Amino acid sequence: MSILATLTERSNHQCELCQSTEQLDIYKVPPEETDADKCILACQTCRDQLTGVVETDVNHWRCLSDAMWSVVPAVQVTAYRQLHQLSGEAWAQDNLDMLYLEEDVKAWAEAGLTDNEDRVPTLDANGTELKAGDNVTIIKDLQVKGAGFTAKRGTAVRNISLTDNPEHIEGRVNGTRIVLVSAYLKKM
Ligand SMILES: [Zn+2]
């Protein structure tokens, strides 16, 4: 039996993610394999977003709340990775917290997560990469919007955190947790 026929039977002629019956085809779950266990049947809408051909439509992926309970590991892996991508959304993070994967399935799922490798580094004024937990000093007086004080040049900020924006870090100044522009900082 061909892979497509196997998948069509397994999925009962439905997209294994959103249950659409339109334009179904094979989606190979990376790293690409040719056997049916490593593939899922997905509609065009799902496939285009998974492969990055079109931008992610967050609401479309609410279907993962159901799909993640599939007994098919390839579907679990795809759901896990996609929820990870959307983990800025509270519902996606909630689902991710509930999702339980067997050890080997989890290893497969995590092998395909690329967000950390692709991350743009956060650089200080000298171009030195900043990491979570670093200590930095402020090199310029900075007006802190909303907090009503100036973060003075020379102030040390300890144990910083990174943010989603590579140009920003978070740290505690004058007892207040604030966002700082990394270009105005120097690693200690
Ligand atoms: Zn679909």
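**Zinc site.** I started with the geometry at the zinc ion: the site is tetrahedral, with angles of 102 to 118° among its 4 donor atoms. I note here that the model is predicted. I then listed the protein donors, which are the SG atoms of Cys15, Cys18, Cys43 and Cys46, lying 2.3 Å from the zinc ion. Along the chain I read the spacing of these donors as C-x2-C-x24-C-x2-C.

**Cys15.** I took this donor for a further look. I placed Cys15 in the loop between helix H1 (3–11) and strand E1 (25–28). Is Cys15 buried or exposed? Its relative accessible area is 2%, so I entered Cys15 as buried, the limit being under 20%. I checked two other donors as well, and both Cys43 and Cys46 are buried. Setting aside neighbours within four places in sequence, I found Cys15 in contact with Ser20, Leu24, Leu41, Ala42, Cys43 and Cys46. Two of these contacts, Cys43 and Cys46, I had already written down as zinc donors. I also took one long-range distance: Cys15 and Leu99 are 84 residues apart along the chain, and their C-alpha atoms are separated by 20 Å.

**Sheet E8-E5-E12.** I traced an open sheet of 3 strands in the order E8-E5-E12, and its pairing is antiparallel. Strand E8 (156–157) and E12 stand at the edges with a single partner strand each, so one side of each has no neighbour in the sheet. For the pairing of strand E5 (residues 136–138) with E8, I counted 2 bridges, the two strands running antiparallel. Which residue of E8 stands opposite Thr137? I found Ala156 there.

**Lys186.** I went next to strand E12 (residues 185–187), where Lys186 lies. With a relative accessible area of 38%, Lys186 is partly exposed. Beyond its neighbours within four places in sequence, I logged contacts of Lys186 with Asp124, Asn126, Asn135, Val136, Thr137 and Ile139. Val136 and Thr137 fall within strand E5 (residues 136–138). For Asn135 I added the separation from Lys186: 51 residues in sequence and 8.6 Å in space, C-alpha to C-alpha.

**Rings.** I searched for aromatic pairs and the count came to 0. I then looked for charges over rings. The charged end of Lys38 sits over the ring of Trp108, at 4.4 Å from the ring centre. I noted another case at Tyr184, where the charged end of Lys140 sits over the ring, 4.8 Å from its centre.

Technical notes. Residues are numbered from 1 along each chain as its sequence is written. This is a predicted model: local features need pLDDT of at least 70, side-chain atom pairs count only at pLDDT 80 or more; totals for chains, interfaces and linings use all residues. Side-chain values use heavy atoms; hydrogens and water are left out. Donors are N, O and S atoms within 2.8 Å of the metal (3.2 Å for Na, K and Ca); water is not among the atoms, so sites may look incomplete. Four donors count as tetrahedral if all angles lie between 85 and 135 degrees; four count as square planar and six as octahedral if opposite donors are over 155 degrees apart and all others between 65 and 115; anything else is irregular. Buried means under 20% relative accessible area, exposed over 50%, partly exposed in between (1.4 Å probe, protein chains only). Rings of Phe, Tyr and Trp (its six-membered ring) pair if their centres lie within 6.5 Å; planes under 30 degrees apart count as stacked, over 60 as edge-to-face and the rest as tilted. A charge sits over a ring if NZ of Lys or CZ of Arg is within 6 Å of the ring centre and within 35 degrees of the ring normal. Helices (H or I, at least four residues) and strands (E, at least two) are DSSP runs, numbered from the N terminus. Contact means heavy atoms within 4.5 Å. Two strands pair if DSSP finds at least two bridges between them.
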